[in-house]
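New to this one? Take a look at the sequence and the fold first, and then we'll walk through a few spots together.

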Amino acid sequence: MAPIRGRARGGGGSRGQGGSRGSSRGGRGGRGGRGGGKGASAGRDARSGIRTRGGQYRKFDSQRVKDIESKSDGESADEVDDDVDQSDGGQDEASDEDDEEIPAPSAKAYSTLLASFKPISNGDERTSKRRKLESDVSAGSNVEHGGTELPEGSEAEPGLEVDEESVAENDLAELDESGGHALEGDDEHDAADDLDENASMLDPFELHFADPDDNELPSRLRDAQAGKRRVELKRVSHDGTLSISLPESAPAIITQVDRHTSVADVSLKQKLVDPSRKHIGKFDDIQRVMSPHLFEYRDLLISNRTPSNAGSLRSLACLHALNHVLKGRDIVLKNTARLARSEGEEVPELRDQGFTRPKVLILTETRQMAAKYADCIVDLFAPEQQENKQRFKDTFDEVVIPRPNMAEDYTELFGGNNDNNFLTALKFTRKTLKYFSAFYSSDIILASPLGLRRIIENPDRRKRDHDFLSSIELCIVDQADAMHMQNWDNVSLVFSHLNLQPTDLHGCDISRVRHAYLDGTAKHFRQTVLFSACTTPQMLHLYNSLANIAGKARLTTTYAGAITSLADLGIKQTFSRFSSPSPLQDPDIRFKYFTTAVLPSLLRLTGTMVFIPSYFDFLRIRNFFATSDLTSNIAFGAIHDYSDVSSQRRARSHFMNGRHSVLLYTQRAHHFFRLRLKGVERVVFYGVPDSEIFYRELVEGMEEGEGEKKGVRVLFGKWDGLALERIVGSKRVGRLIGGKGDVFEFL
């Protein structure tokens, strides 16, 4: 699996190749991206050379091989072929979507003009429905003409799966005459969906969005803007702690966090009650923990996501998203009907919507995960009709081939359709779910961070757009750890464009826009939900920047430590601490410590693998090995983020046969390829890996041996606390970070 994998729609890059490191598409530091990117390929060789004082460029080799008597290179390469992930590293032909869109018929303008001259009907007279333009189809069938044509001169960007309707300005024609957002005629208010209206006074949606308490709202808003919060801690299980952060003016909730045991304890739309009981029913442990905070619109950071509990997290998040969309839609429909019956009479101010219709944003790293979210939404919404369903399945869903020799988290992430360059939307009516709907007439947006970035930062200014993110009220981020491995800058860019003032009104009725959107405080009402297998400093920074007036909650796990599961191997694991006064100085101090205190002891040894988490640190170390007099006699190779399959085979073969004494191996290379390296007698971790799974896999893959030829050494500073906790355990991390001594050994 290459780090810049994907099916480039319309001529993008293939797996294993992508844009240059200077590109703004995907990849750590803006490199390539799996969906392909512009610029020269950064694939095979990172730049190999230095600039001399005289201004001349001196080129050097990125690896050094020593000649020994061994098997031929071809025979050695064959021995390691079986472990190379050829299915992900090879090239795949781009699959072009040739779905022809048939424009939807337009209403007769002349009939509409005549109707406008008719007098307003009496209140007792029932308002006629708007004529439905699409032909009815049977429940669950696929409608092939669900899209409209793009405006003249507007084309979808190659390599990005964006529906043709997504940027069409003629979507404004779908807005109803009342000024509300586009709602179909069969969206009329259904009394059967309102059996839960008696509980509206206690409904979190009413309290947070529709009708907040005017007495509490100003104080909560001031506390959120000023960062005045108090923290409440609660032990939620034998291995987890819930940290709840609330505005100082908010009441205590610590005694209420365990009250949800099933969907019956949640305020749901009546339409969702039966499907939710069928597909969710009673909550499991993690659902009981997150349910009260999720449905009360607090921000959430769940950092113990695993392939086994991902389904529980996903189903509850989809239920909450649907519940939010349907309740907001019903309020808009009620108020629209109320205005229609007013007959010119004065009515109270109705503030029930944002600038644009999309209210929910679901970010996933792969198309396959987006397809799982769509399937979960279908199960809970139970639509009678699904438009463009087959097209969606062909574009997003693929059969996941079991791979027993791969870790479960790898199969979940890279199995099926692992393209990470996509952007689509879903639209709901009372009985219909429409895939590939136009953004400005949609309710839920399904996207990857890279897919959104390519719209937000489109080189063509006419195609740039982020107004459809201006009224997002619920943002769900799944697979956040995978987004961190790809390029967290994409996520940061998306969040920086949420709830901004739109550049165009897009036909909205300003008289019905909530005050929070008009005064620029909508981000304090938005709920953000993060699901991740681990917590990184970048995720924690995002979580700390959230300022929701309802508060936020973070679930932390008590780690036993990866070293405990390796005790039976009898491998000496040494952790060396260096002093680092600030994060900005940490890279320089780490490099100096490695080259002066660690590297000299490795000069006479063979079979040493140096694991480097950061690609920028890798370039620095690789250049040092190539140019320093200290390492002039060391034969070394490298497998990095952009190594193609042939380069991997060559480096692995030379390392296994002893022609390379040292192998430089990056964290993202292991994330995408999961190579099982042979000939490893010693592992030096230049930095602490983000995942304890990586640490365990690399240590378990070492060759059997004794003495100084077998061992693990880990370099760490006090800024590595989050990752170090997952390796050594929650009980030991404090002693390693702040205890006496700089060297700690475990067996």
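## Strand 20 and its partners

Two strands count as paired if DSSP finds at least two bridges between them. Keep in mind that this is a predicted model. With that in hand, look at strand 15 (residues 573–577): five bridges join it to strand 20, and the two run parallel. One place to find on screen is arginine 577, whose bridge partner in strand 20 is phenylalanine 716.

Strand 20 also pairs with strand 19 (residues 682–685), again in parallel, this time through four bridges. Here valine 684 has arginine 713 of strand 20 as its bridge partner. And how many of the residues of strand 20 are buried? Five of the six are, so to speak, under cover: strand 20, spanning residues 711–716, is mostly buried.

## Serine 291, tucked into a helix

Next, hop over to helix 7 (residues 285–295), where you'll find serine 291. Is serine 291 buried or exposed? Its relative accessible area is 0%, and buried means under 20%, so serine 291 is buried.

What does serine 291 touch? Leaving out residues up to four places away in sequence, its contacts are His260, Val266, Phe283 and Leu316. With histidine 260 there is also a polar contact between the two side chains, at 2.8 Å.

## Two loop residues with positive phi

Now for a pair of loop residues. Phenylalanine 436 sits in the loop between strand 10 (432–435) and strand 11 (444–447). Phenylalanine 436 isn't a glycine, yet its phi is positive, at about 55°. Its relative accessibility is 1%, so phenylalanine 436 counts as buried.

Glutamine 479 is in the loop that lies between strand 12 (474–477) and helix 13 (480–496). Glutamine 479 isn't a glycine either, and its phi is positive at about 60°. With a relative accessible area of 2%, glutamine 479 is buried.

## Helix 18, end to end

Last stop: helix 18, which covers residues 645–657. Why would you expect a span of 18 Å for this helix? Because it has 13 residues, at 1.5 Å a residue, and the expected span takes one less than the number of residues. The C-alpha atoms at its ends are 18 Å apart, which agrees.

The buried residues of helix 18 are Val645, Ser647, Gln648, Ala651, Arg652, Ser653, His654 and Phe655. Right after the helix comes glycine 658, with a positive phi near 90°.

Terms used
Residues are numbered from 1 along each chain as its sequence is written. This is a predicted model: local features need pLDDT of at least 70, side-chain atom pairs count only at pLDDT 80 or more; totals for chains, interfaces and linings use all residues. Side-chain values use heavy atoms; hydrogens and water are left out. Buried means under 20% relative accessible area, exposed over 50%, partly exposed in between (1.4 Å probe, protein chains only). A polar contact is a pair of N or O atoms within 3.5 Å; within protein, one must be able to donate a hydrogen and the other to accept it, and residues adjacent in sequence count only if both atoms are side-chain atoms. Contact means heavy atoms within 4.5 Å.
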